[in-house]
Amino acid sequence: MAEVIVVGSRSAAGALVAEAIERLVQQRPDAVLGLATGDTPLPVYRALAERVRAGLDLSRVRGFALDEYVGLPVTHPESYHAVIARQVTGPLGLEPAAVHVPDGRPLGIETAGERYEDAILAAGGVDLQLLGIGTDGHIGFNEPGSSFASLTRVKTLTRQTREDNARFFDDVEQVPVHSITQGLGTILRARRLVLLAFGRGKARAVAAAVEGPLTASVPASAIQLHPRATVVVDEEAAAELAELEYYRDAFAQKPIWDPIIL
Ligand code: PGA
């Protein structure tokens, strides 16, 4: 099962995960990070940026974003090309050519998924994949019903996801209908998964992902299939976990030889 870590604040989550990433990069300076967008991973990027200012060198780190909107020009400030450049590549001092985002241009979209998979394989796979979770249980843009074996492909966004993301646009109708996203199968190939979730609005999805049945109806439940998955949540997002006391206890008693990451 996933290791669940309950933290007191978003910034505490960011500090914890940034430390794990620093350890990874010390072992492997050209580590491959799987990059998430949205509000959730921001504390991690902020904490990493602080470490970079303090001397951490991430210039050889490579990255693969989870997803992109289809048909939104890369120059649009809410395209994930733009978001990743603004929130990750620039502040962390990554080499722009080493940071990849799926190609959401309509021309050639039929082969964009396969090209992205090839690029991930050519990089040797993702070492650590950051994940947020949608209120509908999605990871990446793998909406309910997504196959656990799926690879990078085009997915139609649910109305719920478009409403959740409307805050980044003028209104919900401006949110693209289609995305290109790493599949659940792609995500499961990463060597480590770190799923973060904050706020009461995520509590139901987190409980379903961690403790619910393995089902394509809750795409994030796929993390139960991964041997090295860690879930970092605040108290609010942890509120519906039935085994919360066990997770707290397990983390407090964590043996020093425990191979799980954080
Ligand atoms: P959020 O989105 O981080 O903006 O809440 C998470 C997601 O939809 O995966």
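**Note on the predicted model: two sheets, a ligand site and a buried glutamine**

1. In this predicted model, seven strands make up an open sheet with parallel pairing, and their order across the sheet is 1-10-9-6-2-3-5. The edges are formed by strand 1 (3–7) and strand 5 (99–100), each of which pairs on one side only. Helix 1 (residues 10–27) packs on this sheet, where it touches strand 1, strand 2, strand 6 (128–131), strand 9 (193–197) and strand 10 (229–234). The direction of helix 1 makes about 130° with that of strand 1.

2. Within the seven-stranded sheet, the pairing of strand 2 (residues 32–35) with strand 3 (residues 62–65) can be followed residue by residue: the two strands run in the parallel sense and are paired over four bridges. Gly34 has Phe64 of strand 3 as its bridge partner.

3. Gln129, which has its place in strand 6, deserves a separate look. Is Gln129 buried or exposed? Its relative accessible area is 0%, and because buried means under 20%, Gln129 counts as buried. A polar atom of the Gln129 side chain lies 3.4 Å from the backbone oxygen of Gly34, the glycine whose bridge partner is Phe64. Leaving aside residues up to four places away in sequence, Gln129 touches Gly34, Leu35, Leu66, Gln182, Ile187, Ala190, Arg192, Leu193 and Val194.

4. The ligand is surrounded by Gly38, Asp39, Thr40, Gly132, Ile133, Gly134, His138, Arg167 and Lys202. Which side chains place polar atoms by ligand oxygens? For His138, an N or O atom of the side chain is 2.7 Å from an oxygen atom of the ligand; for Arg167, a polar side-chain atom lies 2.8 Å from a ligand oxygen; and for Lys202, the corresponding distance from a polar side-chain atom to an oxygen atom of the ligand is 2.7 Å. On its own the ligand has 280 Å² of accessible area, of which the protein covers 84%.

5. A further open sheet consists of three strands in the order 4-8-7, with antiparallel pairing. Strand 4 (67–69) and strand 7 (153–156) are the edge strands, each pairing on one side only, and neighbouring strands of this sheet are turned against each other by 30° on average, with direction ignored.

6. As for the pairing inside the three-stranded sheet, strand 4 and strand 8 (residues 178–181) run antiparallel and are joined by three bridges. In this pairing, Ile180 of strand 8 is the bridge partner of Glu68.

Notes:
Residues are numbered from 1 along each chain as its sequence is written. This is a predicted model: local features need pLDDT of at least 70, side-chain atom pairs count only at pLDDT 80 or more; totals for chains, interfaces and linings use all residues. Side-chain values use heavy atoms; hydrogens and water are left out. Two strands pair if DSSP finds at least two bridges between them. Contact means heavy atoms within 4.5 Å. Axes are lines fitted to C-alpha atoms, for helices over the stretch in contact, and angles run from 0 to 180 degrees between N-to-C directions. A residue is near a molecule or strand if one of its heavy atoms lies within 4 Å of it. A polar contact is a pair of N or O atoms within 3.5 Å; within protein, one must be able to donate a hydrogen and the other to accept it, and residues adjacent in sequence count only if both atoms are side-chain atoms. Accessible areas come from the Shrake-Rupley method with a 1.4 Å probe; for residues, only the protein chains shown count as cover. Buried means under 20% relative accessible area, exposed over 50%, partly exposed in between (1.4 Å probe, protein chains only).
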